[in-house]
Amino acid sequence: MSEAELLDDLSGFEFEDVMEDVFRKLGYENVRQAERVADKGRDIVMEEVVDGRRRAVVVECKHTDTVSRPVVQKLHSAVATFDFDGPKRGMVATTGRFTAPAREYAENLRDAGDPHPIELLDGTDLREIADEIGLDLYNGRIEIICDETLRPFDPTSGVDAPVSEAFRDIDNIDADDLPEPHSRAEFQPVVVITADVNAVFETSVGVVHRIGETDRFVVHAGRGRPSVMEGSVRRLIEQNRRHTTELDEAEFEGIFDEMDVHRFGQTETEYKDWAVDRLQKRHTSTVSYTGDNNVTYTKTCEPNQSDISVQSIMPIYLPEICQSVQLKEYTHPYEYYAAGPSRVTTEDGIHRCIQCDTSGQSTEYTYCANCGSINCPEHTKTERLEETPICTGCAVTERFAFKTKYFYDEENLEEFRAEYEEMPIHQKAQENTALAVGVLITAIFVVLLGLTGTGLI
């Protein structure tokens, strides 16, 4: 489906949503729609800074085949009466075309130096603007198109560095000898929304409540309802959102074994509406005040949509890196959100005991070279013949001198059996140190009793 066909399929309200996205992409500030009531000659209001001076722009959106002169005249009157402390101008945007009298009226205003000039944008202009600013139409809407991402890895250390670093404190394995991990990169869509809330609530006694705040949302922007990202992930994004790189799919496909770029789920206007609704709920509160008659009243203070202005919607991709290392029988996953050398770990299968699921870096872990598992101290033993670590999960066991011994396999066990048979009795006893010490103490005690009984001591 072509862009022209998509524009033609939009409803009037959908066209206003599209235009709001377009104007924000063009750099206009405080872009917002007028309330959808009876036509007052303006659909969108916004602001621009020209030569250091802020100017209001009042826009009339017409989703029609032709726009005639009365529409332009009506907007000119609406601009003149628009409440704004500063210069103002108007704009008519249409999916169709303007009649010759409409164009002539706008040209006469400009030539006469009218303080409230009117700019005209027809369907051809709109499609050219969309191409210029990189907007893509789909399903009758303008999807957010973003080619910037936080850096999925630190180029100075390489893609595999986080996994190698995680293995540094695992005993019995050299992190430099690890096999190359399998790496998958998923680029998650995120929008950073900044909005101002300014509201004053008055009663007959005066102002009872004020709101004057700037809020920022970091939002996961995938399919479905947006979700706010908090904690360490939000800090990772905010601290690195100015340090991005181009999302070059061809380049990253040569670096990662697998890669997926998720699309943004909604339009900028839909994210803006979501943020406004959330801010209305966040800042709604009930206050108490005393009236002129000394009676205490309560008032629910909910900011209007007009009290909330979205200043910016910044799209960006957040790399989610999923790496895994195959060591003999076991696969050890390590997953994290990346921003160059910084990251937030979401799954650490390296610092986790295979046997009991104990996890976290506060415990010491040991690699079992016999099966490839990683284990906590409780499930790590010493192999009797080689005197090297082995896990309780794969070890072959047998009791000698009433103590359990651990072996790699039946072959090791058989070899030790032969050695054990050749040991003198005192060496066999040493296979259970606690037992040997106990026997020695008992023997000394018996001797002492005998000497005491004979009167020698």
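The expected span of a helix is 1.5 Å times one less than its number of residues. In this predicted model, helix H10 covers residues 410–422 and has 13 residues, which should span 18 Å. Its end C-alpha atoms lie 19 Å apart, in agreement with that value.

Four residues of H10 are buried: Asn412, Leu413, Phe416 and Tyr420. Seen down the axis of H10, the buried residues fall within an arc of 95°, so they line one face of the helix. An α-helix has 3.6 residues a turn, so residues three or four places apart point the same way. The buried residues of H10 pack against three elements, namely strand S26 (396–400), strand S27 (403–407) and helix H11 (425–430). On the other side of H10, Glu411, Glu421 and Glu422 are exposed. A polar contact is found at the start of H10. There, a side-chain oxygen of Asp409 comes to within 3.2 Å of the backbone nitrogen of Glu411.

The largest nonpolar core comprises 51 residues. Phe167, Val191, Ile193, Phe264 and Ile350 have the most contacts inside it. Elements giving two or more residues to this core include helices H6 (161–167) and H9 (268–282). Strands S12 (182–203), S13 (206–220), S17 (285–290), S19 (308–327), S20 (330–339) and S22 also do so. The most comes from S12, with eight residues. Ile350 is in contact with Val163, Ala166, Phe167, Ile170, His332, Pro333, Tyr334 and Ile374, leaving aside neighbours within four places in sequence. A second, separate core has 17 residues, among them Phe15, Met19, Val22 and Val59.

S22 also belongs to an open sheet of three strands. The order is S11-S22-S23, and the pairing is mixed. Strand S11 (170–171) and strand S23 (374–375) stand at the edges. Each has a single partner strand, so one side of each is left without a neighbour in the sheet. S22 (residues 365–367) and S23 run antiparallel and are joined by two bridges. Tyr367 stands opposite Ile374 in S23. Ile374 is also among the contacts of Ile350.

Asn240 lies in helix H7 (residues 231–240). Its relative accessible area is 11%. Buried means under 20%, so Asn240 counts as buried. Leaving out residues up to four places away in sequence, Asn240 touches Leu150, Ala339 and Ser342.

Terms used. Residues numbered from 1 in each chain as written. Predicted model: local features only at pLDDT ≥ 70, side-chain atom pairs only at ≥ 80, totals over all residues. Heavy atoms only, no water. Buried < 20%, exposed > 50% of the residue type's maximum accessible area, 1.4 Å probe, protein only. Arc of directions from axis to C-beta. Contact = heavy atoms within 4.5 Å. Polar contact = N/O pair within 3.5 Å; in protein donor to acceptor, adjacent residues only side chain to side chain. Pairing = 2+ DSSP bridges. Core = buried A, V, L, I, M, F, W, Y, C linked by side-chain atoms within 4.5 Å.
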